[in-house]
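Please look through the sequence and the model below, beginning with the surroundings of the ligand and moving outward from there.

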Amino acid sequence: MTGNAREGGSGDGRESGGRIRRGPFQEGEDVLLISPKQEEHLITLAPGKVFGTHKGNLLHDDLIGREDGCRAWTAMGDEYRAFRPTYIQFIMNQKRHAQIIYPKDTGPILMWADIFPGATVIEAGIGWGALSIKLLEAVGPQGRVISYEVREDFAASGAKTVRRYLGDCPNHEVKVRDIYQGIDEREVDRIVLDLPEPWQAVHHAREALLPGGILLAYLPSTIQVKQLCDRLAEEGGFSDPETFEVIQRPWHVKGMSVRPVQWMFSHSAFLVVTRRTGT
Ligand SMILES: C[S@@+](CC[C@H](N)C(=O)[O-])C[C@H]1O[C@@H](n2cnc3c(N)ncnc32)[C@H](O)[C@@H]1O
């Protein structure tokens with residue numbers, strides 16, 4: 001393991017740790033192809049490989065060494081655009097075995113949990129690893145993220161997603177562990193829970209968090225919210241929790257049609273945030 005994504009660049013656009021942010025496309029990099037119909041396809045560049053379409057093949061070799069945002073053509077002349085994927089494009093264009101936290105909620109989680117450079121953060125579970133990536137970027141090389149995950153297969157695949165996006169992260173530890181059974185760490189700054197029964201981790205969170213530390217839980221249903229808030233009050237040692245949801249309403253902007261889209265993704269989860277109180 002060589003570094004973290006926030007460490008300085010190496011001059012070739014590859015940040016130490018692995019993620020490439022600038023410069024020409026390189027072998028082994030993920031690239032997003034956008035079709036003439038605006039369909040997105042994530043590919044990993046490999047010499048000699050092709051991306052097959054019904055309008056013929058597009059050669060990976062035609063992309064390696066080219067600049068971000070370039071055009072490339074299939075054998076029958078269809079024009080594609082190739083971009084280095086953003087975080088959102090990376091997570092939304094892959095098969096996922098677990099429900100992820102969507103970007104509309106990830107930003108607010110980083111804000112409300114106040115994830116800061118140098119922080120020690122515990123999350124559970126890692127699932128597909130979508131949130132872990134942004135937690136690691138936010139804590140930077142001086143911080144730590146410890147991901148608890150009860151399923152061994154998810155622990156391995158979540159860690160793999162993080163490595164694929166960020167490269168090696170020596171400050172990311174994945175533990176195959178049931179967080180309801182306890183938290184090993186002490187003097188933790190932040191705990192973020194995305195699992196079905198966070199109330200079972202409340203006592204452990206109280207022991208692990210520093211005074212002033214933040215516990216944030218991500219919960220799809222109101223029943224879960226109520227159960228968590230009741231448990232926090234019973235446990236004591238936490239401030240009154242704040243609960244909210246984040247609603248994103250996309251708009252359709254084309255020609256004279258400038259209006260909200262007709263169908264939207266109306267609910268993901270509620271965020272419950274509380275602080276560990278001091279004496
Ligand atoms: C919804 S997924 C997390 C998705 C993740 N936040 C992401 O953005 O990709 C919930 C995960 O919590 C794990 N989990 C459930 N109960 C757990 C427990 N008691 N301790 C640790 N992990 C647990 C599940 O195995 C699953 O991988």
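Around the ligand stand 21 residues, of which G125, G127, W128, A130 and D194 come nearest, a residue being counted as near when its C-beta atom, placed from the backbone, lies within 6 Å of the molecule. This is a predicted model, in which local features need pLDDT of at least 70 and side-chain atom pairs count only at pLDDT 80 or more, while totals for chains, interfaces and linings use all residues. Residues are numbered from 1 along each chain as its sequence is written. The shell around the ligand divides into 13 nonpolar, 4 polar and 4 charged residues (Ala, Val, Leu, Ile, Met, Phe, Trp, Tyr, Cys and Pro count as nonpolar, Asp, Glu, Lys and Arg as charged, and the others, Gly among them, as polar). Helix α3 (130–139) and strand β8 (144–149) each supply at least two residues of this shell; helices (H or I, at least four residues) and strands (E, at least two) are DSSP runs, numbered from the N terminus.

Strand β8 and helix α3 also appear, together with α1 and β9 (172–176), among the elements against which the buried residues of α4 pack. Those buried residues are F154, A155, G158, T161, V162, Y165 and L166, where buried means that 20 or more other C-beta atoms lie within 10 Å of a residue's own, exposed 12 or fewer, and partly exposed in between, with C-beta atoms placed from the backbone. Seen down the axis of α4, they fall within an arc of 130 degrees, so they line one face of the helix, the arc being that of the directions from the helix axis to the C-beta atoms. On the other side of α4, E152 and D153 are exposed. Just after the helix, G167 takes a positive phi of about 85 degrees.

F90 belongs to helix α1 (residues 87–92) and counts as partly exposed because it has 18 C-beta neighbours inside 10 Å. Leaving aside residues up to four places away in sequence, F90 touches D30, L42, P85 and Y165, contact meaning C-beta atoms, placed from the backbone, within 7 Å. Between F90 and D30, 60 residues apart in sequence, the C-alpha to C-alpha distance is 8.3 Å.

H54, by contrast, lies in the loop between β3 (50–53) and β4 (56–59), and H54 is exposed because 7 other C-beta atoms lie within 10 Å.

Key
Contact = placed C-beta atoms within 7 Å.
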